[in-house]
Amino acid sequence: MEDDRQPANRRAERRPGQPSPWQIAAVNYNETRVPGSAYCEATDGKLGSVYTALTETLVMRGDWNRLFAERDRATDVVQLPDTFNLLLGTAQGKGIAWNRLGYGVWPPPLANYVHGFESLTRKGRLVRTLAAACEAYAGRLPPEMPRELASGAALGSATDPWDICPVSFVFSAAPSRLAANPYEQLRDAVARDPSAMWILKPTDGCKGEGIVIRRGWKEIAAELFEHAASGANGERSSAPPPPPRNFSPPPPCMCIQRYIGNPLLLERGRRKFDIRCWVLIDAEYGIHLFDQGVLRVSSVPYDPSDVSNRYSHLTNHCIAATHGDYGKYEPTNELFYPAFDAELNARFPQAAARAGGSVLHGLLLPQMKRMVVQTLLAARGNLRVATDYYSAFQLLGYDFLIDDELRAWLCEINASPAVADELLADLVDALVQSAVDPYCPPIEALIQSTRGGRTPARREVDGGRITGRFERLYPERSGSR
């Protein structure tokens, strides 16, 4: 069959004459919601808070129209309009058919997920992506790394620049791949430090589901045996019967990582936390970091003696929110950069002095920025932001852990990250400016004032409002070298 798609320009063009609005196809947008109201997944679905707010922000601006787009979750059948300029898929890129995206559509559309993102957002594939890049670059940083991220504070205390994640092993549950699993390598690693803890995660899990912490080879081996057995029992034939009600297939892979047993703890409550950062890849493979982030804090004190206490060890919001002490120290167990930086500077005055007055901005964020750019350069061969038929951007959620020596570790990367309510409005505005407007420029003749309209609520934190923007990390701006 002849392919009638047209080659793409990297920026959509308007025809001369009377301007017409851009068209946005937001898959499974809740038609009944009040624009600008608080997002609720139970009623608003899987489009997510970011892309629900982005849809409403563009439409209320006046130069965008929203078109009906729907994905049937039971059949995976997607109904899209004949033409559109921006396609917003739901969580994990559902609703975006990569092999036909842009077919018969002109000008070529922009989409909100990058083809191949799983090479970073699946835990097992992230480990393999980084290992392959380390080998390809002979253990050195990619040569295109920005200069300020290739030395000094950006490297922190790491002696190996690819020592980004804790020591990790990936195990497959597929019967055909069991023999290739790294049992001996893991057993040797455990034997070198029998008291160390290890965290076991399903590679395609989310919200803390299926995560366990174990200590010693006997406990780990028991989990691996169960994992292998579930894979054998769950193997499907070429014509599988209908699954029983409430059937949940086993995870295809498990990622086992050495647990960071010396996490930096907050002074209030001696609790563990991780840091969620938001990263944008634009349609030209520009890498941007939102300059505000949030600490997601556990509900109870850290207790390394009890590995079964999920409230102590896991910082996922959905876990912390089910404990009776949720909200005891911070509303919604979230702490923002200004308060965190103030605590760090008070606790580590010498480090703050060496870092120009800010531990967060002078010591921790440089490490995190380096890992953001390094991982995205490592995965560049797997990620497709532009073809002849479409272009794409994606917002990623990077989660970091900080140890008590002020070293940052990458925990995981999320494909469809939630955003703290206090930061949502600014992040969406920045996302429009950095990812959408360069591709579909604002139409000034159609833009109308939103006074009186409802936009995503801007919330205050500790009596003031935190504002944020995207900082471009890569490529470097001309003249920066």
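**Figure 1. Aromatic pairs in the predicted model.** The structure holds 12 aromatic pairs, and the model shown is a predicted one. A pair of aromatic rings is described by the distance of the centres and the angle of the planes. The views in Figures 2 to 4 take up some of the aromatic residues.

**Figure 2. F273 and F340 form an edge-to-face pair.** The ring centres of F273 and F340 are 5.3 Å apart, with 70° between the planes. This pair links distant parts of the chain, 67 residues apart. F273 belongs to strand β11 (residues 273-281), whereas F340 belongs to helix α9 (residues 337-347). F273 and F340 are both buried.

**Figure 3. The rings of F290 and F470 form an edge-to-face pair.** The centres of F290 and F470 lie 5.3 Å apart; the pair counts as edge-to-face because the planes stand at 65°, and the cut-off for this class is over 60 degrees. F290 is located in strand β12 (residues 287-290) and F470 in strand β18 (residues 470-474), so the pair ties together parts that are 180 residues apart in sequence. Both F290 and F470 are buried.

**Figure 4. Y51, Y113, F117 and F393 form one aromatic cluster.** The members of the cluster are two tyrosines, Y51 and Y113, and two phenylalanines, F117 and F393.

**Figure 5. Arginine side chains lie over the rings of Y103 and W409.** In one case, R100 is placed over the face of Y103, at 4.4 Å from the ring centre. In the other, the charged end of R407 sits over the ring of W409, at 4.0 Å from the centre of that ring.

**Figure 6. Cysteines C253 and C277 in a structure with 0 disulfides.** A disulfide is a covalent bond between the sulfur atoms of two cysteines. A search of the whole structure finds 0 of them. C253 takes part in no disulfide, and the nearest cysteine sulfur, which belongs to C255, is 9.3 Å away; the cut-off for a disulfide is within 2.5 Å. C253 has a relative accessibility of 11% and therefore counts as buried. C277, at 2% relative accessibility, also counts as buried. For both residues the threshold is under 20% relative accessible area.

**Figure 7. Cis peptide bonds at P107 and P475.** Most residues other than glycine have a negative phi, and most peptide bonds are trans. The bond joining W106 and P107 is cis, with omega about -5°. P107 is found in the loop between β5 (86-88) and β6 (110-111). A cis peptide bond also joins Y474 and P475, where omega is about -10°. P475 is placed in the segment after β18, the strand that contains F470 of Figure 3.

**Figure 8. Positive phi at the non-glycine residues D76 and A138.** D76 is not a glycine, yet its phi is positive, about 65°. This residue, D76, lies in the loop between β3 (70-71) and β4 (78-79). With 45% relative accessibility, D76 counts as partly exposed. A138, likewise not a glycine, has a positive phi of about 55°. The loop that holds A138 runs between α4 (123-136) and β7 (168-172). The relative accessible area of A138 is 49%, so A138 is partly exposed; the class of exposed residues requires over 50%.

Conventions: Residues are numbered from 1 along each chain as its sequence is written. This is a predicted model: local features need pLDDT of at least 70, side-chain atom pairs count only at pLDDT 80 or more; totals for chains, interfaces and linings use all residues. Side-chain values use heavy atoms; hydrogens and water are left out. Rings of Phe, Tyr and Trp (its six-membered ring) pair if their centres lie within 6.5 Å; planes under 30 degrees apart count as stacked, over 60 as edge-to-face and the rest as tilted. Helices (H or I, at least four residues) and strands (E, at least two) are DSSP runs, numbered from the N terminus. Buried means under 20% relative accessible area, exposed over 50%, partly exposed in between (1.4 Å probe, protein chains only). A charge sits over a ring if NZ of Lys or CZ of Arg is within 6 Å of the ring centre and within 35 degrees of the ring normal.
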